[in-house]
2 protein chains.
Amino acid sequence: MDQINHQRYYDCDDCLFKTISCQYIQKEEFEKLRSKSVQLRYKKGEVILKQGAKSTHFLFLRKGIIKFNYEDENGKNLILSINKAPALIGGANLVNAEFNLFSVCAIEECEGCTIDVALLTRIALGNTLYLFKMLQFITDIFRSSIFNFISLAHKQVNGRIADILIFLSQNIYLSNSFVLSLSRQEFAEFAGCSKENVIHTLRKFHNEGLITLEGKKIVLNDTERLLKISKHG
Amino acid sequence: MDQINHQRYYDCDDCLFKTISCQYIQKEEFEKLRSKSVQLRYKKGEVILKQGAKSTHFLFLRKGIIKFNYEDENGKNLILSINKAPALIGGANLVNAEFNLFSVCAIEECEGCTIDVALLTRIALGNTLYLFKMLQFITDIFRSSIFNFISLAHKQVNGRIADILIFLSQNIYLSNSFVLSLSRQEFAEFAGCSKENVIHTLRKFHNEGLITLEGKKIVLNDTERLLKISKHG
DNA sequence: ATCCAAAGATGAAATAATGCAGTTTTTAAT
DNA sequence: ATTAAAAACTGCATTATTTCATCTTTGGAT
């Protein structure tokens, strides 16, 4: 057997997916899932799921930060959402099993394991509580991206960038001070504006004392005022 | 018994919801659903589901056109998506049953019937194929709104308005010529720009021969060029 | 038919955002 | 340590968008 495909990075007993699953399904059934699953590691920038490809598996993201990326007809990228572990990636295809609507890429080193869609579906169909739990994972990601979009759709760039800073601080890095894993270009693809506009705006926030910029390191000094800018005051 | 609550506008035997349901569940079970259900009619502008309210029922929309509306902290409205019958409204709460995230309003006269969430959930939990079918209804609406947002997030107003015109023509009115059920203000709330910008842009398209504007009546004369504008050419 | 209110339309000034061209800094490779 | 390439930054001209003031049309109410 090919050792590369069977490399173990962590013990499944420590994994949240096992913990949650075993609240609903039998250990033997979980073992079936596990036997079909492979642990994987992704470096920053690596593509986890490719837009347009047939999705044959989910990925349970155990560690790391990812982006959902949509590439349009002109090759322009749009980041739909940024999520951190734990998350079930690729679930949008559980119901309508077709091709991946978006790419998923690691923006920090990631760790997780593949999950066989066909098998998970079969198990979930026989256990509706488990099915609902899996669906919750999936709709959580949908919901978070919709609220990002609401911000995009009716705020100006100041407000959108303030929103993103607050989002990253409160939902991803869980601190007022963080090292941004996004390039300015990616930030712009998330904010729906040009990279120059991101740079100008971040600099303005820095000059006004709202944030402190030191290359990739960002400190939010005045979340209150950022919230006011977000609310378009 | 109060006659008003039992008014019948149409025969359930003609209803797609019955047809679909009865492919999966027993007639007797459908009768239970029907016995808890009430037929309703909504005039243009009426609120079907109210943002923030506890959702006690779904609505199967049998006829008409609706908008999903999100009102922000400042009272500004954003139209997330426009959908036509048939559709299952309120389904976003099937999985995470909490409060309505958005309002749903009729933008054309609508007809439909309420469906008891608790009962539908109970039946669906015992019949996973039916559950999947219901989930498909729900995710369809999610998906359509996400693609609207992609257009919003990385196109300029010309492209967004072209997108909306094409969307309305191909997905809602199913014709190159239609009477717009949205006011200019609502169009702007869908396009994420000012109403003046909508008016200016529609007028420009009219002057360039792309469309013909006659008040609420719009004819798309050159879908090819609109598509080019949408693709930002 | 008349009036009123709401929606639609218009143009111009003010503001916001983009795109460019060039510079500096950072990062990675040798 | 040196170099090359990529990313970050800057200021400015151009373009896009909003906002405002004003005017016209439309569709109900009475």
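The questions and answers below go through the contacts between the two protein chains, between the two domains of chain A, and between protein and DNA.

The model is predicted, so local features need pLDDT of at least 70 and side-chain atom pairs count only at pLDDT 80 or more, while totals for chains, interfaces and linings use all residues. Residues are numbered from 1 along each chain as its sequence is written, chains are lettered from A and ligands numbered from 1 in the order in which they are written, and side-chain values use heavy atoms, with hydrogens and water left out.

Q: What area do chain A and chain B bury between them?
A: Contact, meaning heavy atoms within 4.5 Å, joins 34 residues of chain A to 34 residues of chain B. Buried area is the accessible area (1.4 Å probe) that two parts lose on being put together, summed over both. Carbon and sulfur atoms account for 71% of the area here, and the total for chain A and chain B is about 3,500 Å².

Q: How many residue pairs are in polar contact between chain A and chain B?
A: A salt bridge is a side-chain nitrogen of Lys or Arg within 4 Å of a carboxyl oxygen of Asp or Glu, and between chain A and chain B the count of these is zero. A polar contact is a pair of N or O atoms within 3.5 Å; within protein, one must be able to donate a hydrogen and the other to accept it, and residues adjacent in sequence count only if both atoms are side-chain atoms. With both residues at pLDDT 80 or more, the number of pairs in polar contact between chain A and chain B is four.

Q: Which element gives the largest share of the side of chain A that touches chain B?
A: Helices (H or I, at least four residues) and strands (E, at least two) are DSSP runs, numbered from the N terminus. Two or more residues of this side come from each of strand 5 (77-84), helix 3 (92-95), helix 4 (117-125) and helix 5 (128-154) of chain A. The largest share, 17 residues, belongs to helix 5 of chain A.

Q: Which three residues supply 50% of the area that domain 1 of chain A buries against domain 2 of chain A?
A: Chain A is divided into domain 1 (3-147) and domain 2 (155-230), with bounds that come from an automatic or database domain assignment. The area buried between these domains is about 1,000 Å², and carbon and sulfur atoms give 63% of it. On the domain 1 side, the three residues that supply more than any other three are Ile79(A), Ile82(A) and Lys84(A).

Q: Which residue forms a salt bridge with Lys67(A)?
A: Across the interface of domain 1 and domain 2 of chain A the rule finds one salt bridge, alongside five residue pairs in polar contact (both at pLDDT 80 or more). In the salt bridge of Lys67(A), the closest N and O atoms are 2.8 Å apart, and the partner is Glu186(A).

Q: Which residue has a polar side-chain atom 3.1 Å from a base nitrogen of DNA strand C?
A: A residue is near a strand if one of its heavy atoms lies within 4 Å of it, and among the 13 residues around DNA strand C the nearest are Val157(A), Glu196(A), Asn197(A), Arg184(B) and Lys216(B). Sugar and phosphate make up 69% of the atoms of DNA strand C that come within 4 Å of the protein. A phosphate oxygen of this strand is 2.9 Å from a polar backbone atom of Val157(A), and another contact of a phosphate oxygen, at 2.6 Å, is with a polar side-chain atom of Asn197(A). The base nitrogen, by contrast, is approached by Glu196(A).

Q: Which element gives the largest share of the surface near DNA strand D?
A: Of the 14 residues that surround DNA strand D, the closest are Arg184(A), Lys216(A), Val157(B), Glu196(B) and Asn197(B). Phosphate oxygens of this strand lie 2.9 Å from a side-chain N or O atom of Lys216(A) and 2.9 Å from a backbone N or O atom of Val157(B). At least two residues of the surface come from each of helix 7 (184-191) and helix 8 of chain A and helix 8 of chain B. The largest share, four residues, comes from helix 8 of chain A.
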